[in-house]
Structure formats: C-alpha cells, structure tokens
Amino acid sequence: MANVAQSPEAVVDQAVAQPVLTPLTASAVIVVLTIDDGGEPVVHDLLTDLSGLARTVSFRSPEGGLAVVAGVGSGAWDRLFSGPRPAELHPFRALEGDPHRAVATPGDLVFHIRSAAMGLCWELASLVVGRLAGAATIVDEIHGFRYFDERDLLGFVDGTENPTGKAAEIAVTIGAEDPAFAGGTYVIVQKYLHDMTAWHAVSVEEQEGVIGRAKLSNVEMDDDVKPSNSHVALNTIIDPDGTQRQILRENMPFGSLGAREFGTYFIGYAATPSVTELMLQRMFLGDPPGNYDRILDFSTAVTGGLFFVPTADFLDDPPALPEEADEAGSPGNDDVSEDRNVQAAPGDGSLGIGGLTGVPA
C-alpha cells in the first residue's frame with residue numbers, strides 16, 4: 001500500500017516530545033558540554049541511547065519522577081547530523097548593553113536532568129558524562145534545588161507567569177512552521193550570579209520595585225505603580241494583535257557557600273527563540289533604550305547558550321553522521337552556516353526578530 005502524505009499538524013500530533021513539560025522538581029542537574037574534535041560518533045551514540053539510560057535509572061526509583069531533556073547547539077548540529085537544520089537554530093547572540101552585558105559562552109550540548117531526588121539526577125548525569133569521557137568536555141555544571149515555595153535566592157517567587165496545560169504546549173512546541181522538526185523546541189540557558197550583599201542592602205520596598213511584585217504575597221503591582229524598568233514589565237511581550245507571547249521557565253536556584261557563588265540558572269523553553277531573545281534585548285538594552293531591567297544591578301549573566309531540543313523520536317533514531325551519509329551517497333545539507341564559533345549580535349543591538357512589540361503589563 002502506498003504511503004499517504006500527512007499534514008504538518010498530524011506530524012506534530014504523532015511526534016513524541018522530550019519531557020520539557022515535566023512539572024518543576026525539587027532537584028536538577030544542568031550540564032553544558034563542548035564536543036571534542038573527533039568526539040562526534042560517541043556523542044551521536046550517547047544521544048541515541050539517552051532515553052534508555054533514563055529508563056534504567058528511573059526504574060530503580062519510579063517515584064522520583066526522573067526526566068532528562070537534551071539540546072544541541074548550532075555549531076554542533078552539522079557535526080552530528082546529516083540533512084536539514086532546525087529553521088531558527090543559531091548561536092546565542094551576545095548583547096552589549098550599558099552598563100550590563102548578556103555574554104555568549106561555548107556550548108554544544110545541554111542536558112537538563114530533573115527529579116524529586118538529587119541522587120537520581122546525579123546517577124543519570126554521571127552515566128551521561130561517563131559515556132562522553134574523551135569525546136566531550138564539561139564547560140558548566142549546576143546542581144539546582146527548590147528554595148521554599150518556588151522562590152529564587154532573592155526571595156521572590158520565580159516562574160509565576162509560566163503557561164500551563166494547552167497554553168504551555170503551544171508556547172514550547174514547534175508546529176507546521178518547521179514541519180521537519182515539528183514537536184521540538186528551543187531552549188536558552190544563562191547562569192546569573194546574585195550580589196546578595198547589595199541586594200540585602202536595599203529595602204524590601206525597593207526590591208519589590210525591581211521585580212514588580214510584592215515579595216511576600218507575590219501579587220503583581222498595578223500598572224500605574226509598577227516601574228517601567230521592573231523585571232515583570234520588561235519581560236511582558238505583547239504581539240501587535242494584543243496576544244501575549246509566553247515562554248516556559250524552568251529556572252533553578254543554585255549556590256556554593258565556599259566559592260561564594262549563588263544565583264539563578266535561567267532555563268527558557270520556547271517554540272521560537274525570538275520571544276526569549278526579545279525579552280533579553282529589553283532586559284539588557286532597555287525599552288526604550290537605556291531603560292534596562294533593574295534586576296541586572298544585582299544579577300550578572302556569566303553564561304549564555306541557545307540549543308535546539310529535538311523530539312524523543314528524533315534522538316531514538318537520528319539521521320546519520322554527516323561522514324556516514326556522504327559515504328552512503330545520501331544527500332547532505334548543502335546550506336549550512338559556518339557558525340561553530342560563538343557570535344555576537346549586530347552592532348546596532350538588533351536581534352533581527354521583527355514583528356513583536358513589548359508592552360509592559
């Protein structure tokens with residue numbers, strides 16, 4: 001019987017996504033790695049086996065709710081897979097604001113591992129890193145934890161505006177706009193270090209103005225009193241038709257008392273990275289220009305990376321390595337960008353997003 005062509009919508013419905021929509025957990029391990037020269041076959045094999053490794057660990061403690069999401073960076077994609085690229089996959093774009101910067105840092109792979117128990121996160125992370133020994137190098141590793149009632153270390157509830165249910169699925173899931181990668185998503189990660197001494201030196205009232213919410217109750221300030229440079233105001237993105245654009249934040253607090261490094265690890269999933277990028281543009285460059293997010297006076301971004309998160313189906317049966325496809329005479333990707341190195345944003349600060357307008361809530 002001849003194959004029947006399926007609509008892009010049907011492809012989305014049938015695609016098995018990675019567990020991006022897993023509820024927030026008490027523990028997380030986030031590992032970012034670069035692929036060593038010649039390490040591509042080992043990485044390719046590990047990604048193919050990832051779901052099996054997760055099942056093996058989870059089976060020993062099913063109540064732990066273990067989940068792992070893997071993402072691949074722009075510079076690594078064409079080293080790992082033959083064929084087409086995700087339409088919006090590109091290097092993280094650095095932002096040069098005055099006085100704050102969103103830096104771009106190396107990263108070919110990201111593993112976001114979550115569970116109710118840190119032991120499960122650790123076990124799976126150790127298996128993944130062990131498999132990649134000699135093929136990939138860790139450039140960032142964070143052990144995150146739940147802090148009271150979903151608060152960050154600044155004392156405010158984090159992720160209040162996260163979409164839920166169908167809205168969350170729509171916010172993170174690629175559809176017919178990129179049918180070859182329907183069901184996937186994008187993730188931007190940044191490590192923010194907090195200056196707790198400076199933060200505690202200001203009054204609770206001033207802190208609430210920085211965030212745009214009441215600290216204790218978590219109630220958002222009214223529009224007529226909410227500062228235009230508050231975190232809430234600058235991270236509210238409205239389309240020209242009045243639709244609010246949303247992302248799914250899976251942020252985690254982290255800290256090392258000995259190293260005196262503590263902060264928030266930002267993890268933002270979205271069906272298009274342009275929404276998150278516009279939020280960052282407004283935070284670091286300001287809206288209007290110069291009206292930057294005041295949270296940056298207390299929180300410094302020290303890493304930045306953008307990754308594509310393919311479906312679980314894709315990882316279970318990925319395209320061949322490029323050299324294997326070439327040997328087999330398979331058509332490759334003739335239009336690949338030379339973007340293995342981290343690239344900065346254009347000099348005018350534009351992200352080339354277009355079509356989105358930010359309006360404070």
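A salt bridge here is a side-chain nitrogen of Lys or Arg within 4 Å of a carboxyl oxygen of Asp or Glu, and it is the first term needed for this tour. The structure is a predicted model, in which local features need pLDDT of at least 70 and side-chain atom pairs count only at pLDDT 80 or more, whereas totals for chains, interfaces and linings use all residues. Residues are numbered from 1 along each chain as its sequence is written, and side-chain values use heavy atoms, with hydrogens and water left out.

**The whole chain**

Begin with the full protein in a cartoon view, where 11 helices and 15 strands can be traced; helices (H or I, at least four residues) and strands (E, at least two) are DSSP runs, numbered from the N terminus. Of the 361 residues, 52% are buried, a label that means under 20% relative accessible area, while exposed means over 50% and partly exposed lies in between (1.4 Å probe, protein chains only). If you switch to a surface view, the protein exposes about 16200 Å², of which carbon and sulfur atoms supply 54%; the areas come from the Shrake-Rupley method with a 1.4 Å probe, and for residues only the protein chains shown count as cover. Among contacts with a separation of 6 or more, 80% are between residues 24 or more positions apart, where contact means heavy atoms within 4.5 Å.

**Salt bridges and a shared network**

Next, select Arg213 and Glu161, whose side chains meet in a salt bridge with an N to O distance of 2.7 Å. This pair links distant parts of the chain, 52 residues apart, with Arg213 in the loop between helix H7 (204-211) and helix H8 (231-234) and Glu161 in the loop between strand S6 (136-145) and helix H5 (165-172). Arg213 is buried because its relative accessible area is 6%, whereas Glu161, at 39%, counts as partly exposed.

Add Asp223 and Lys226 to the selection, and a salt bridge of 3.5 Å, N to O, appears between their side chains. Salt bridges that share partners join Glu161, Arg213, Glu220, Asp223 and Lys226 into one network. Within it, Asp223 is exposed, with a relative accessible area of 55%, and Lys226 counts as buried at 9%.

For a local pair, move to helix H5 and select Lys166 and Glu169, which form a salt bridge with their closest N and O atoms 3.9 Å apart. These two residues are separated by about one helical turn, because they are 3 residues apart in H5. Lys166 is exposed at 55% relative accessible area, and Glu169 is partly exposed at 34%. By the rule given at the start, the count comes to 20 salt bridges.

**A patch of negative charge**

Now select Asp45, Glu323, Glu324, Asp326 and Glu327, which gather in a patch of negative charge on the surface. Patches are made of residues with over 30% relative accessible area and no salt bridge, and like charges are joined within 9 Å. Lys and Arg count as positive and Asp and Glu as negative, while His and the chain ends are not counted; the place of a charge is taken as NZ of Lys, CZ of Arg, CG of Asp or CD of Glu. Helix H11 (residues 322-328) gives the most to this patch, with 4 residues, and Asp45 lies in helix H2 (residues 40-59). At 45% relative accessibility, Asp45 counts as partly exposed.

**Gly183 and its surroundings**

Select Gly183, in the loop between H5 and strand S7 (185-194), where the residue is buried with a relative accessible area of 11%. Not counting residues up to four places away in sequence, Gly183 touches Ala15, Ala17, Thr173, Ile174 and Thr311. The C-alpha atoms of Gly183 and Val172 are 8.7 Å apart, with their positions 11 residues apart in sequence.

**Backbone geometry in the loops**

Finally, inspect the backbone torsions. The peptide bond from Asp98 to Pro99 is cis, with omega near 20 degrees, and Pro99 lies in the loop between strand S3 (95-96) and strand S4 (101-102). Another cis peptide bond joins Asp287 and Pro288, with omega about 0 degrees, and Pro288 is found in the loop between helix H9 (273-285) and strand S13 (299-301).

Asn218 has a positive phi of about 70 degrees although it is not a glycine; Asn218 lies in the loop between H7 and H8 and counts as buried at 16% relative accessibility. Arg260, also not a glycine, has a positive phi of about 55 degrees; Arg260 lies in the loop between strand S11 (252-256) and strand S12 (261-270) and is exposed, with a relative accessible area of 59%.

Definitions and conventions. Patches are made of residues with over 30% relative accessible area and no salt bridge: like charges are joined within 9 Å, nonpolar side chains (Val, Leu, Ile, Met, Phe, Trp, Tyr) within 5 Å.
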